[in-house]
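Student: I would like to learn how to read the local features of a model such as this one, step by step. Could we look at it together?

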Amino acid sequence: MEFYFKGQTAIVVGGTRGIGRAVSSALLKAGAKVLATYQNNQEEAQKFETSNATHSDRLFIYKFDVTHYDQVEAFYKKVENEHGIPQIVVVSSGIRSDSIVGMMKTEDWNNVIDTNLTGTFNLCKLSVQCMMREKYGRIIILTSPIGKIGFAGQANYAASKAGQVALVKSLSKEVASRKITVNCVSPGFIDTDFISDLTEEQKEAYKNQIPLKRFGSVEDVATPVLFLASKESSYITGSVLEVTGGL
């Protein structure tokens, strides 16, 4: 399927690494102007910008912390002033800090919830405030099947991801009349540095649980994201599209 986003502006939060990087690259290839954001890893952000030098007129890199509402608000004001109202927002930022509940530090609970869930709320709130004025928008949140099935040692991560789905289902009903769709893409095990801390034994054990017997690629996720970002997906909202290899 060929996608065409020329003339559209897309924000990809967490758009310089992993799945977000693949989404940013695919949107650039499809003609969109891409505003890719990051929080900490400036080196990776610079590498991504350099590798897309041929799209330098349509790629812009920004840094802010999604957990700080004032920073998110300042970013959106800057976007409107410099690029106009975005048509597409993809939220691909997220963190893990694993521990069993009985041993989990309060700060590890709070950090994961603040980044993955509160950060998503901050971004969605500012996104819909922009999009409602134009009566059009596509918001796609990267969640996880862990929010539905749970994993030992990931209660904070699972809770944040389940919360994202609940937020999307509620928000989609609030903004549907303004022709704004809000959906989730739920990747399973994707071959990125997000799972690089797994041992080879753990990786093999997880692959054995996947009917397709492999981890997904970032491109496996980017294509469904682009579909939900397209005008052709206008009758899909409040949904969760699983990209899990059958997990």
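Student: Let me start with a single residue: where is the place of Lys213?

Tutor: Before answering, keep in mind that this is a predicted model. Lys213 has its place in the loop between H7 and H8, and its phi is near 60°, a positive value in a residue other than glycine. With a relative accessible area of 49%, Lys213 is partly exposed, because the exposed class begins only over 50%.

Student: Which other residue has a positive phi although it is not a glycine?

Tutor: Lys135 is one such residue, with a phi of about 55°, and Lys135 is found in the loop between helix H4 (106-134) and strand S5 (137-142).

Student: Now to empty space: how much of it lies in the second largest pocket, and which residues line that pocket?

Tutor: The general idea is that rolling a probe the size of a water molecule over the atoms shows where empty space is left. In this model the second largest pocket holds about 260 Å³ of space, and its lining is made up of Met1, Glu2, Phe3, Ala22, Ala26, Lys29, Ala30, Glu219, Ala222, Thr223 and Leu226. Two elements, helix H1 (18-29) and helix H8 (218-229), give two or more residues each to this lining.

Student: Which element gives the most to that lining, and how does the lining divide by class?

Tutor: H8 gives the most, with 4 residues. By class, the lining of the second largest pocket has 7 nonpolar, 1 polar and 3 charged residues.

Student: Is Lys29, one of the lining residues, buried or exposed?

Tutor: Lys29, which is found in helix H1, counts as exposed at 75% relative accessibility. Its C-alpha lies 21 Å in space from that of Gly216, and the two residues are 187 apart in sequence. A contrast within the same helix is given by Leu27, which is also found in H1 but counts as buried at 0% relative accessibility. Leu27 and Asn122 are 95 residues apart in sequence, with 23 Å from C-alpha to C-alpha.

Student: Let me turn to the cysteines: how many disulfides are counted?

Tutor: The count comes to 0 disulfides. Cys130 is in no disulfide, and the nearest cysteine sulfur, that of Cys124, is 12 Å away.

Student: Why is there no bond between the sulfur of Cys184 and the closest cysteine sulfur?

Tutor: The rule asks for two cysteine sulfur atoms within 2.5 Å, whereas the sulfur of Cys184 is 8.7 Å from the closest one, in Cys124, and therefore too far for a bond. As for accessibility, Cys184 counts as buried at 0%, and Cys130 is buried too, with a relative accessible area of 3%.

Student: How should I read the aromatic rings, and how many aromatic pairs are counted?

Tutor: A pair of aromatic rings is described by the distance of the centres and the angle of the planes. The count here comes to 8 aromatic pairs. In one of them, Phe75 and Tyr76 lie 5.4 Å centre to centre with 85° between the planes, and the pair is edge-to-face. Phe75 counts as buried at 4% relative accessibility, and Tyr76 counts as buried at 2%.

Student: Why is the pair of Phe189 and Tyr206 stacked?

Tutor: The ring centres of Phe189 and Tyr206 are 4.5 Å apart and the planes stand at 20°, so the pair is stacked, planes under 30 degrees apart being the condition for that class. Phe189 lies in the loop between strand S6 (180-187) and helix H7 (200-208), while Tyr206 lies in helix H7, so the pair ties together parts that are 17 residues apart in sequence. Both residues, Phe189 and Tyr206, are buried.

Student: Which residues do ring pairs link into a cluster, and which ring has the charged end of Lys207 over it?

Tutor: The cluster linked by ring pairs consists of Tyr62, Phe64, Phe75 and Tyr76. The charged end of Lys207 sits over the ring of Phe215, at 5.1 Å from its centre.

Student: One last residue: where does Ile190 lie?

Tutor: Ile190 lies in the loop between S6 and H7, and it is buried, with a relative accessible area of 5%. The C-alpha atoms of Ile190 and Thr244 are separated by 8.3 Å, although the residues are 54 apart along the chain.

How values were computed
Residues numbered from 1 in each chain as written. Predicted model: local features only at pLDDT ≥ 70, side-chain atom pairs only at ≥ 80, totals over all residues. Heavy atoms only, no water. 1 Å grid on protein atoms, 1.4 Å probe; cavity = no way out; pocket = protein on both sides within 12 Å on 5 of 7 lines; lining within 4 Å. Points joined across faces, edges and corners; volume = space filled by probe spheres on them. Nonpolar A, V, L, I, M, F, W, Y, C, P; charged D, E, K, R; others polar. Buried < 20%, exposed > 50% of the residue type's maximum accessible area, 1.4 Å probe, protein only. Phe/Tyr/Trp six-rings, centres within 6.5 Å; stacked < 30°, edge-to-face > 60°. Lys NZ or Arg CZ within 6 Å of the ring centre and 35° of its normal.
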